[in-house]
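User: I'm new to looking at protein models and would like some help reading one. Could you walk me through it feature by feature?

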Amino acid sequence: MNDLAGMPVLEPAEGAKDQHMVINMGPQHPATHGVLRLVLEIDGEIIVRIYPEIGYLHTGIEKTCEAKFYQQVVPLTDRINYLDPLSNNLCYALTVEKLLALEIPPKAQWMRVLLAELSRLNSHLIWLGTHAMDIGALTVFLYTFREREDILRLFEAVAGQRMMLSYIRIGGLAMEPPLDFLDRVQAFIRIFPEKIDEYANLLTGNPIFRNRLVGVGHLSAEDAVALGVTGPPLRASGVDFDLRRDMPYSSYEKFQFNVPTSTACDCWARYEVRLVEMRESVKIIQQALDGMPEGPVKADAPKIVLPDREKMKTQMEALIHHFKIVTEGFAVPAGEVYQGIECGHGITGYYIVSDGTAKPYRVHMRYPSFPTLQALEVMCKGRMLADVVAVIGSIDIVLGEIDR
Amino acid sequence: MADTATLLGKAAVLEGLPNHPAIKAILASNSEALTDAKFDFDELTLTIAPEQIRAACFALQSAGYNFFEDLTAVDWFPAAPRFQLSYHLLSFAMKDRIRLRVLLDDADPAVNSITQVWAGANYYEREVFDLFGIRFEEHPNLRRIMMPEEWVGHPLRKDYPVEGYR
């Protein structure tokens with residue numbers, strides 16, 4: 001296993017110099033989903049070694065966080081996994097709330113679940129569209145982006161932004177959702193299961209799509225666990241683990257849903273697992289809509305949570321709190337905490353060390369694509385060059401979260 | 001949130017959680033490996049002697065902590081010991097997470113790699129090496145991962161300015 005995980009490929013291996021060739025794939029290759037550079041050693045069309053060269057998007061976001069107040073970090077988190085923004089917000093907020101021992105009102109928790117699942121649908125729709133496009137089924141991309149547009153409109157209604165939402169804040173949500181928001185979500189998920197059937201219609205029976213995926217990119221359960229793979233690729237390798245069910249957060253324990261798994265361990269299994277996951281997300285959203293509690297969407301902590309705009313303009317106390325939070329931030333008790341959640345790609349985790357001041361001493365983000373990329377070589381070794389594109393699509397990586 | 005009690009110090013944790021599988025596994029493999037412990041925010045943190053980290057990981061892996069989730073470092077500059085490594089391990093079967101802490105001094109910080117236990121630690125150790133300058137002995141490929149190869153300095157250290165050197 002050790003020789004598999006990431007030795008540099010600079011020139012062909014000793015003894016094969018005449019036969020092997022080293023080529024570059026990326027960083028501008030459209031099938032690499034961003035700026036991933038793969039250095040490949042190939043024997044004809046067969047992959048001998050793969051060395052992912054990452055860091056092209058590294059912005060030092062963890063260092064930036066150390067210079068911001070706790071509440072100023074929220075917009076930074078959107079930009080890491082830009083396809084699943086609310087999961088980032090949620091994970092960060094949960095971690096800080098753990099340090100603060102804040103109690104979040106039920107409505108805020110249920111709204112968070114609803115939004116996290118919409119965000120997961122958004123992430124899976126982009127995965128499906130781009131994955132199919134990489135393999136040559138261009139049409140699906142247009143279909144999935146049609147529904148993604150609906151989700152982005154919902155996001156825009158609730159947060160005023162389409163991609164960088166920052167809607168989930170420390171202590172709850174940024175503000176009450178608009179009055180007709182829940183009805184719009186209901187209208188969306190009423191039609192959405194049919195749309196999933198439509199995608200499945202286009203792809204599941206498609207012989208080219210099937211031939212490109214079945215049996216390709218085999219990742220055994222042992223390798224998946226050893227390499228830190230999480231999320232749909234892990235479950236497609238037969239490991240039944242989902243943080244939403246097994247270590248629930250934000251009241252996920254009150255929702256009923258299935259965790260799809262498959263033992264086929266190939267790209268096709270990952271495709272099937274994600275399709276079922278979309279259907280399960282719809283079920284969760286329906287339950288969230290049906291049982292949405294009444295009440296506030298912000299915790300009762302005036303020194304931490306920004307007051308409503310109206311109160312801030314009319315009440316002296318609220319104005320003072322607003323001024324204090326914006327100019328000085330709020331102190332967070334010293335300590336270290338870690339919180340993991342299940343986002344669209346796998347386990348996202350935030351590790352925050354506080355020294356008792358208003359700025360985090362250290363923020364570390366664990367993002368699923370980073371370890372999953374290590375499994376690329378295991379999945380592609382000995383296969384054809386064209387399979388690399390299928391495998392990259394099937395593990396659904398986002399370079400923003402790898403490089404941070 | 002079953003247990004919200006806070007236990008600080010090795011003695012308090014051993015008394016409060018006598019049957020915790022992780023503590024039992026580490027003590028069974030080497031009773032001197034565990035130097036400190038705490039249980040707060042509903043999370044168990046075990047401080048491991050630096051030279052024992054690989055053995056401790058092997059022991060925990062066989063005790064059911066089958067998944068390596070995360071590794072990062074904290075720079076406590078100018079305090080001593082300066083560096084803290086934080087390992088997060090997850091058990092799928094027990095649905096439990098623990099944190100291992102390793103404290104390292106400022107001068108030439110180095111620790112044994114755990115890629116022999118979990119191959120997936122490879123990228124994480126490279127990241128810590130790149131951004132903190134902590135070496136991992138017997139790592140198969142210890143080179144920079146985020147920053148360019150020729151970069152000088154380790155950006156996440158506290159004596160490295162946020163806006164960089166200009």
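**Reading the model, one feature at a time**

Analyst: Let's start in a loop: Asp108(B) sits between β6 and β7 (110–112) of chain B. Keep in mind that this is a predicted model.

User: What is phi of Asp108(B) near?

Analyst: Phi there is near 45 degrees, a positive value in a residue that isn't glycine.

User: Is Asp108(B) exposed or buried?

Analyst: For that you count neighbours: 12 or fewer other C-beta atoms within 10 Å makes a residue exposed. Asp108(B) has 9 such neighbours inside 10 Å, so it counts as exposed.

User: Which loop holds Lys95(B), and what is its phi?

Analyst: Look between β5 and β6 (96–104) of chain B for Lys95(B). Its phi is positive too, about 55 degrees, although Lys95(B) is not a glycine. The neighbour count is 13 C-beta atoms inside 10 Å, so Lys95(B) is classed as partly exposed.

User: Now peptide bonds. Where is there a cis one, and what is omega?

Analyst: Check the bond between Phe77(B) and Pro78(B): it is cis, with omega about 5 degrees. Pro78(B) belongs to the loop between β4 and β5 of chain B. Another cis bond runs from Ala80(B) to Pro81(B), where omega is near -5 degrees. Pro81(B) is also placed in the loop between β4 and β5 of chain B.

User: Let's pick a residue in a strand. Where does Asp36(B) lie, and what does it touch?

Analyst: You'll find Asp36(B) in strand β2 (residues 34–40) of chain B. Leaving out residues up to four places away in sequence, Asp36(B) touches Lys10(B) and Thr47(B). Distance along the chain is one thing and distance in space another. Asp36(B) and Ala11(B) are 25 residues apart along the chain, and their C-alpha atoms are separated by 8.4 Å. As for surroundings, Asp36(B) has 15 other C-beta atoms within 10 Å, so it is partly exposed.

User: How do I read a whole sheet? What order do β1, β2 and β3 of chain A take?

Analyst: Read off the strand order, then the pairing, then the edges. Here the order is β1-β2-β3 (chain A), an open sheet of 3 strands with antiparallel pairing. At its edges are β1 (21–25) and β3 (46–53) of chain A, each pairing on one side only. From one strand to the next, the twist averages 25 degrees.

User: Can we zoom in? How many bridges link β2 and β3 of chain A?

Analyst: Strand β2 (residues 37–43) of chain A pairs with β3(A) over 7 bridges, in the antiparallel sense. Among the partners, Arg37(A) is matched with Glu53(A), and Leu38(A) with Pro52(A). The hairpin of these two strands has 2 residues between them, and Gly44(A) takes a positive phi near 65 degrees there.

User: And the sheet with β6, β7 and β8 of chain A: which are its edge strands?

Analyst: That open sheet has 3 strands in the order β6-β7-β8 (chain A), paired antiparallel. Its edge strands are β6 (335–342) and β8 (362–366) of chain A. Neighbouring strands are turned by 10 degrees against each other on average, ignoring direction. β6(A) and strand β7 (residues 347–354) of chain A share 8 bridges, with Ile341(A) partnered by Thr348(A). Helix α3 (residues 85–100) of chain A packs on this sheet, touching β6 and β7 of chain A, and its direction makes about 145 degrees with that of β6(A).

User: How do I check a helix? What span does α13 of chain A have?

Analyst: Compare the end-to-end reach with what you'd expect at 1.5 Å a residue. Helix α13 (residues 316–328) of chain A has 13 residues and reaches 18 Å from its first C-alpha to its last, close to the 18 Å expected. Just after α13(A), Gly329(A) takes a positive phi of about 70 degrees.

User: Last one: how do I read the contact between chains? How many residues does each supply?

Analyst: Count the residues on each side, then ask where they come from. Chain A gives 40 residues and chain B gives 29. On the chain B side, β4 (67–75), β5 (83–91) and α4 (121–132) each supply at least two residues. β4(B) provides the largest share, 6 residues. By class, the chain B side has 15 nonpolar, 8 polar and 6 charged residues.

Definitions and conventions:
Residues numbered from 1 in each chain as written. Chains lettered and ligands numbered in written order. Predicted model: local features only at pLDDT ≥ 70, side-chain atom pairs only at ≥ 80, totals over all residues. Contact = placed C-beta atoms within 7 Å. Helix = DSSP H or I, 4+ residues; strand = E, 2+ residues; numbered from the N terminus. Nonpolar A, V, L, I, M, F, W, Y, C, P; charged D, E, K, R; others polar. Buried ≥ 20, exposed ≤ 12 C-beta atoms within 10 Å, placed from the backbone. Expected span 1.5 Å × (residues − 1). Pairing = 2+ DSSP bridges. Axes fitted to C-alpha atoms, helices over the stretch in contact; angles between N-to-C directions.
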